[in-house]
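User: I'm new to reading protein models, and I'd love a close look at one part of this one. Could you show me the metal sites, and then walk me outwards from there?

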Amino acid sequence: MGLESFLIRIKDYIFPVFCLGCKKEGDWLCENCFIKLNLTGVFACPVCHLSTDRGIVCQNCLEKSVLNSHIAITKYEENGLVGKVIQTLKYSWAEDVLIVIEQMIERFVDNYPELFINIDFVVPVPLHKKRYVERGFNQAELIVRLVAKKINKPFKNVVERTRYTKQQAKLNRADRLENLQEAFSSKEKLLGNILLVDDVFTTGSTMQECAKALKNAGVDKVVGFSIARG
Ligand SMILES: [Zn+2]
Ligand SMILES: [Zn+2]
């Protein structure tokens with residue numbers, strides 16, 4: 001037995017891992033549970049959620065969307081398996097659950113390689129410094145590195161939050177829009193097509209604002225990519 005596998009055995013002994021699906025000891029998601037995941041993709045307009053080819057913006061929403069399209073690997077269900085995987089990654093300091101996400105990304109990219117051919121750079125949605133400190137790491141950045149590696153395109157962490165966004169719920173509508181505007185900017189000029197990556201896509205407002213910052217920096221197209229879409 002090599003030193004590495006010996007150390008992994010010790011770690012497994014001290015911190016046993018149980019499948020998030022069936023609770024069997026051994027892996028974060030056992031093979032039987034992994035094959036139950038639906039990895040056929042969610043391709044829908046980033047604004048109105050209408051199903052579209054490759055997730056491109058529908059005709060009706062063209063003027064409302066900075067994102068050119070949005071792709072997700074799977075549907076987000078908080079109490080479903082994918083929800084558990086993402087929650088575990090975010091809140092349990094369990095970075096090795098990333099192995100499951102890596103397998104999902106690999107499977108998806110192998111099924112749809114044509115979606116990534118025209119991408120020039122892979123960029124993460126940034127987490128604000130304050131939240132970064134609270135949580136210790138940016139899960140979007142970990143995920144985006146896996147995506148960049150799999151599609152063999154350069155990773156660029158260029159979008160930054162220019163100020164802390166106040167809690168949206170406490171603001172009226174006008175203030176809400178203003179609150180999100182200019183919350184992001186790009187650290188450098190960029191050309192080409194960007195794959196903008198986050199873990200979960202819900203309303204899409206954060207991704208739209210990041211896309212705006214990227215287009216202001218010279219980018220041509222921005223394709224949103226998420227592990228799951230709510
Ligand atoms: Zn299982
Ligand atoms: Zn639409």
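Analyst: Here is a walk through the metal sites, followed by the helices and rings.

A word on conventions: this model is predicted, and local features need pLDDT of at least 70, side-chain atom pairs count only at pLDDT 80 or more, and totals for chains, interfaces and linings use all residues. Residues are numbered from 1 along each chain as its sequence is written, chains are lettered from A and ligands numbered from 1 in the order in which they are written, and side-chain values use heavy atoms, with hydrogens and water left out.

Start with the zinc ion (ligand 1), which is held by the SG atoms of Cys19, Cys22, Cys30 and Cys33 at 2.3 to 2.4 Å. Donors here are N, O and S atoms within 2.8 Å of the metal (3.2 Å for Na, K and Ca), and sites may look incomplete since water is not among the atoms. Along the chain, the donors of this zinc ion (ligand 1) follow the spacing C-x2-C-x7-C-x2-C. Cys19 and Cys30 both sit in the loop between helix H1 (3–14) and helix H2 (31–34), so the pair ties together parts that are eleven residues apart in sequence. Helices (H or I, at least four residues) and strands (E, at least two) are DSSP runs, numbered from the N terminus. Are Cys19 and Cys30 buried or exposed? Both are buried, where buried means under 20% relative accessible area, exposed over 50%, and partly exposed in between (1.4 Å probe, protein chains only).

The angles among the four donor atoms of the zinc ion (ligand 1) run from 104 to 117 degrees, making its site tetrahedral. Four donors earn that label if all angles lie between 85 and 135 degrees; four count as square planar and six as octahedral if opposite donors are over 155 degrees apart and all others between 65 and 115, and anything else is irregular.

In that loop between H1 and H2 you will also find Lys23. Its phi is near 70 degrees, a positive value in a residue other than glycine, and Lys23 is exposed, at 64% relative accessible area.

Now the zinc ion (ligand 2): Cys45, Cys48, Cys58 and Cys61 coordinate it through SG, at 2.3 to 2.4 Å. This site is tetrahedral too, with angles of 100 to 117 degrees, and the donor residues are spaced C-x2-C-x9-C-x2-C. Cys58 is buried at 8% relative accessible area, and Cys61 is buried at 3%. His49, in the loop between strand E1 and strand E2 (69–75), has a positive phi of about 70 degrees although it is not a glycine. His49 is partly exposed, at 39%.

Next, step out to the rings. Phe43, Phe108, Tyr112, Phe116 and Phe225 form one aromatic cluster. Rings of Phe, Tyr and Trp (its six-membered ring) pair if their centres lie within 6.5 Å; planes under 30 degrees apart count as stacked, over 60 as edge-to-face and the rest as tilted. Phe43 and Tyr112 have ring centres 5.3 Å apart and planes at 70 degrees, so the pair is edge-to-face. This pair links distant parts of the chain: Phe43 is in strand E1 (residues 42–43) and Tyr112 is in the loop between H4 and strand E3 (121–124), 69 residues apart. Phe108 and Tyr112 make a tilted pair, 4.9 Å centre to centre with 45 degrees between the planes. Phe43 is buried at 17% relative accessibility, and Phe108 is buried at 0%.

Phe108 also leads us into helix H4, where the buried residues are Leu98, Val100, Ile101, Met104, Ile105, Phe108 and Val109. Down the axis of H4 these residues fall within an arc of 160 degrees, so they line one face of the helix; the arc is that of the directions from the helix axis to the C-beta atoms. As general background, an α-helix has 3.6 residues a turn, so residues three or four places apart point the same way.

Finally, compare helix H3 (residues 81–91): eight of its eleven residues are buried, so H3 is largely enclosed by the rest of the structure. Among the buried residues of H3 are Leu81, Val85, Ile86 and Leu89.
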